[in-house]
Amino acid sequence: GAPGTTATFPNGAVRFENMKVTGTVWSDEHPLTFVSGTYEGTISIGAASATILAGKYASLVHTGTGLFVVKGGAFAGSFSGLVSPPSGYALVRAGTDPVYPWTLGRVVARIGEDGYPTFAAACSAVLAGQTVVLVDEADESEILLTRGCTIDLGGHTFAGHFICTNAISTTVAFTNGKVTGEISVVGRGAASVSNACTVATLHGESAGMLRVDGGTATSVVQDGTGKLILMSGTIGQATGASFTMAGGTAGTVSMTDASVVSGGTVTSLTSSGSVKLTGGTLGTLTVAGSALSTMTDAVVDSLVHTGTGRVTVNGGSYRSFTTTGTGAVVLRGGRYGAPVTGENVTLTDGYRWVQDGQDAICPWILSNQIACIGDRFFGTLAEACAAAAVGEKVSLLADDDESEVLVKNKCVIDFCGNVFSGTLVCTNAISTTVVLVNGRLTGEVSVVGRGAVSVSNDCTVAMLRGKSAVMLRVDGGT
């Protein structure tokens, strides 16, 4: 070797100090100790162990069970699986030497088996599709993410600022931890808050997409033109351009562009763009824009229409529906707490407001039918009464002026607060009763069979007439 090289061989062990080796150092059984020097070739061990205290090393190889016990030094690679550092330490990419950048240090984050001394260093080195795992607390103020990848916070809390500049059609997914600072998307890619991850602020500054899928975002601010998507998880409050929700829970949401809800629960949604409802539960929905909106299915506590755009309702449930805007409101279906009125409100031709008695909160529906038995609808009360089996309930859905209706079987006729102005003729058998409830009959009720008729529960009859051996009973009615 070069002048000054010292080699000793006590008991078969070999110790290297201050050497420059360009070839191979190999030992199958005898332990090696490297104190200093530069080793540009390969150090290969079999069953023997090798202890590295300092120096520079280009290549470590083992062919057996031995390990390199590292207590110092600089290395060309991380040599994952070959080295045994002290507990809590690893070879991390922290050195300034371009040939030997890996040194022994505390591991803050990992990519696979490779350790990194800072969270930022790992995020800078991550390749597309890889996962960075935070294994210790990190106090860095700002971290840049340029590729689609997964950031696994490992149950830790990060107080800094993530800036995502990843390209379109790529996603940075944040999982398993807490971000008390901000996640910003300034590129055209996406950021996703998933799987037990909580972030204080999710911020979109461009056309990038913000996605919550199993995580929690306390505040979402979309300053750009990108979309906010809630698949599952929780959003506290959100403002932005467009909003798509398929599940989860959202608090107060205010959007300037299209909002599409197919599932989940929203406390309050205000949109000055279009609204499309195909499912979900909403507390207050305010439609304030000029775009076309369509409601097909949802449960809405209060819908407020203040805009100039047309709203078409094909289905859903609306406890309260008010319109103060100038846009047309076209009602083709749905359930309502009360009839919707206004000069801009249009019902489907041939339909009317009726109460079917199927929903106490939203009893009003639009129907071109006038009576029902459960979910079977009929064009006339006579048809419904003819079809009623023993013990069934017939509901009158609107005021009716049929001249004569025949009732043959024991049943309940619920007039649902409506007026019947014709004659009701009951021919039911002995020991059976036709019960009339909740309405007003301005004509006559005639009993011509041997059964009974009972006027009950808020029902008023102008004339109750028995024409044979029948029983006429008033039990709560008039």
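In this predicted model, strand β49 (residues 433-437) runs parallel to strand β51 (residues 452-456), and the two are joined by four bridges. A good place to look within this pairing is L436, which faces V455 in β51. Both strands belong to an open sheet of seven strands, arranged in the order β43-β42-β44-β46-β49-β51-β53 with mixed pairing. The edges of this sheet are held by β43 (376-378) and β53 (471-475); each has a single partner strand, so one side of each remains without a neighbour in the sheet. Between neighbouring strands here, the average turn is 20 degrees when direction is ignored.

Two strands of this sheet are also linked through their side chains. D414 and K393 meet in a salt bridge, with 4.0 Å from N to O. The pair connects distant parts of the chain, as D414 sits in strand β46 (residues 411-414) and K393 in strand β44 (residues 393-396), 21 residues apart. Is each partner buried or partly exposed? D414 has a relative accessible area of 11%, under the 20% limit, and therefore counts as buried. K393, at 36% relative accessibility, is partly exposed.

Parallel pairing appears again in an earlier stretch of the chain, where strand β17 (residues 142-145) and strand β20 (residues 161-164) are connected by four bridges. Here L144 has I163 of β20 as its bridge partner. Strand β20 also pairs in the parallel sense with strand β22 (residues 177-185), again over four bridges. On that side, I163 stands opposite S184 in β22. Residue I163 can thus be followed from one pairing to the next, with L144 as its partner in β17 and S184 across from it in β22.

Turning to aromatic contacts, the model holds 17 aromatic pairs. A pair of this kind is described by how far apart the ring centres are and by the angle between the ring planes. F16 and Y39 make an edge-to-face pair, at 6.4 Å centre to centre and with 85 degrees between the planes. F16 belongs to strand β2 (residues 14-17) and Y39 to strand β6 (residues 37-45), so this contact ties together parts that are 23 residues apart in sequence. Both residues, F16 and Y39, are buried. Y39 also takes part in a stacked pair with Y57, where the centres are 5.0 Å apart and the planes differ by 5 degrees. Since Y39 lies in strand β6 and Y57 in strand β8 (residues 56-62), this pair joins parts 18 residues apart in sequence. Y57 is buried, as is Y39. These three rings belong to one aromatic cluster made up of F16, F34, Y39, Y57, F75 and F79.

Salt bridges number ten in the model. One of them joins K20 to E40, whose closest N and O atoms are 3.9 Å apart. K20 lies in strand β3 (residues 19-21) and E40 in strand β6, 20 residues apart, so distant parts of the chain are linked. K20 is exposed, with a relative accessible area of 59%, whereas E40 is partly exposed at 40%. Another salt bridge brings together R319 and D301, at 2.7 Å from N to O. R319 is part of strand β36 (residues 317-323) and D301 of strand β34 (residues 299-305), so parts 18 residues apart in sequence are tied together. R319 is partly exposed, with 42% relative accessible area, and D301 is partly exposed too, at 34%.

Notes
Residues are numbered from 1 along each chain as its sequence is written. This is a predicted model: local features need pLDDT of at least 70, side-chain atom pairs count only at pLDDT 80 or more; totals for chains, interfaces and linings use all residues. Side-chain values use heavy atoms; hydrogens and water are left out. Two strands pair if DSSP finds at least two bridges between them. Axes are lines fitted to C-alpha atoms, for helices over the stretch in contact, and angles run from 0 to 180 degrees between N-to-C directions. Rings of Phe, Tyr and Trp (its six-membered ring) pair if their centres lie within 6.5 Å; planes under 30 degrees apart count as stacked, over 60 as edge-to-face and the rest as tilted. Buried means under 20% relative accessible area, exposed over 50%, partly exposed in between (1.4 Å probe, protein chains only).
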